[in-house]
Amino acid sequence: MTTEYTPPAVWTWIKTTEGRFANINRPIAGPTHDKELPVGKHPMQLYSLGTPNGQKVTIMLEELLALGHAGAEYDAWLIKIGQGDQFGSGFVEINPNSKIPALLDRSGPKPIRVFESGAILMHLAEKFGEFLPTEPAARAETLSWLFWQMGSAPYLGGGFGHFYAYAPVKIEYAIDRFAMETKRQLDVLDRRLAETAYLAGDDYTIADIAVWPWYGALAKGLLYGGGEFLSVQDYKNVQRWADQIGARPAVRRGRIVNRLQGEPSAQLHERHDASDFDLRTQDKLQG
Ligand SMILES: N[C@@H](CCC(=O)N[C@@H](CS)C(=O)NCC(=O)O)C(=O)O
């Protein structure tokens, strides 16, 4: 592959084996194969993977359970995106965009599908009356930071992470562009967190739950091996906030659900019961 490229008049799909996502990237939507999704015993059926986007939802569900909301009991089923599970017919029925996470809320007379992690967090926050203030100014601030994450993280993941860690060629222009934007985003957070304990103010909200798996992990050097490159230790307020949230027991549980990476003791491939966080995992969670 070369970085010199003159685009033709009309783009056509040339299947390539190069790059980490070559086998799943495609220019068309819709299912590639028939596959029903499994359904467990709990009101919430989550189809996901323990990436930052997936972690948001399992952290939220664990936080709700920690507050005593039995209606937040959930089955977390593994969707292996590297193997194309997101293109199965059952998954596409729940998320026509073929991306994790996707939730089926079966608590009412008719199942409700919810896709896009921000929509899932709002659905759960409103259903249980938690982590989304009702006072107009606090609610607006929470939603602003929630949607800030939805708009910003693609520059971090699809931009910086992709070109720094995954692309088959290192393109200085692309890495420089997205490193600059990622550092700007970290500075946005750092300045905000110099003023307030949490993103929306004094209280922990779905904004923190959405932002932490991406920017907390980045600040702790856990994303794309890019910590040193981006001098993440300089963002002192982000560091303080990342540690504070990372210490919450529900976050320690939620972050390992559906996870296929990291130490085996920090991976819980599927979660169907609170007891699935076994003793070995609990040791790790407290460590
Ligand atoms: N904006 C979406 C992003 C979801 C997303 O990008 N999910 C990725 C994994 S982190 C995925 O499922 N990728 C599979 C694919 O692109 O085929 C959300 O917040 O839910």
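Here are three short exercises, with worked solutions, on a predicted model of a protein chain.

**Exercise 1.** Work out which secondary structure elements the protein chain has and how they follow one another.

*Solution.* Start by counting: you should get 9 helices and 4 strands in the protein chain. Next, walk along the sequence and write down each element as you meet it. The pattern comes out as β-α-β-α-β-β-α-α-α-α-α-α-α.

**Exercise 2.** Decide how compact the protein chain is for its 287 residues.

*Solution.* Step one is the radius of gyration, which is 19 Å for the protein chain. Step two is the yardstick: for 287 residues the globule rule gives 19 Å. The two values are close, so the chain is as compact as a globular protein of that length. For a feel of the extent, the C-alpha trace spans about 60 × 50 × 40 Å along its principal axes. Now look inside: buried residues account for 35% of the 287.

**Exercise 3.** Find the domains of the protein chain and describe the side of domain 1 that touches domain 2.

*Solution.* First, split the chain: domain 1 covers 11-130 + 262-277, and domain 2 covers 136-254. Their C-alpha centres lie 21 Å apart. Then count contacts, taking C-beta atoms within 7 Å as the cut-off: 19 residues of domain 1 are in contact with 17 residues of domain 2. On the domain 1 side, helix H1 (52-66) and helix H3 (117-128) each supply at least two residues. H1 gives the most, with 10 residues. Last, sort that side of domain 1 by class, and you'll get 9 nonpolar, 5 polar and 5 charged residues.

Methods
Residues are numbered from 1 along each chain as its sequence is written. This is a predicted model: local features need pLDDT of at least 70, side-chain atom pairs count only at pLDDT 80 or more; totals for chains, interfaces and linings use all residues. The radius of gyration is taken over C-alpha atoms; the globule rule is 2.2 Å times the number of residues to the power 0.38. A residue is buried if 20 or more other C-beta atoms lie within 10 Å of its own, exposed if 12 or fewer, and partly exposed in between; C-beta atoms are placed from the backbone. Domain bounds come from an automatic or database domain assignment. Two residues are in contact if their C-beta atoms, placed from the backbone, lie within 7 Å. Ala, Val, Leu, Ile, Met, Phe, Trp, Tyr, Cys and Pro count as nonpolar, Asp, Glu, Lys and Arg as charged, and the others, Gly among them, as polar.
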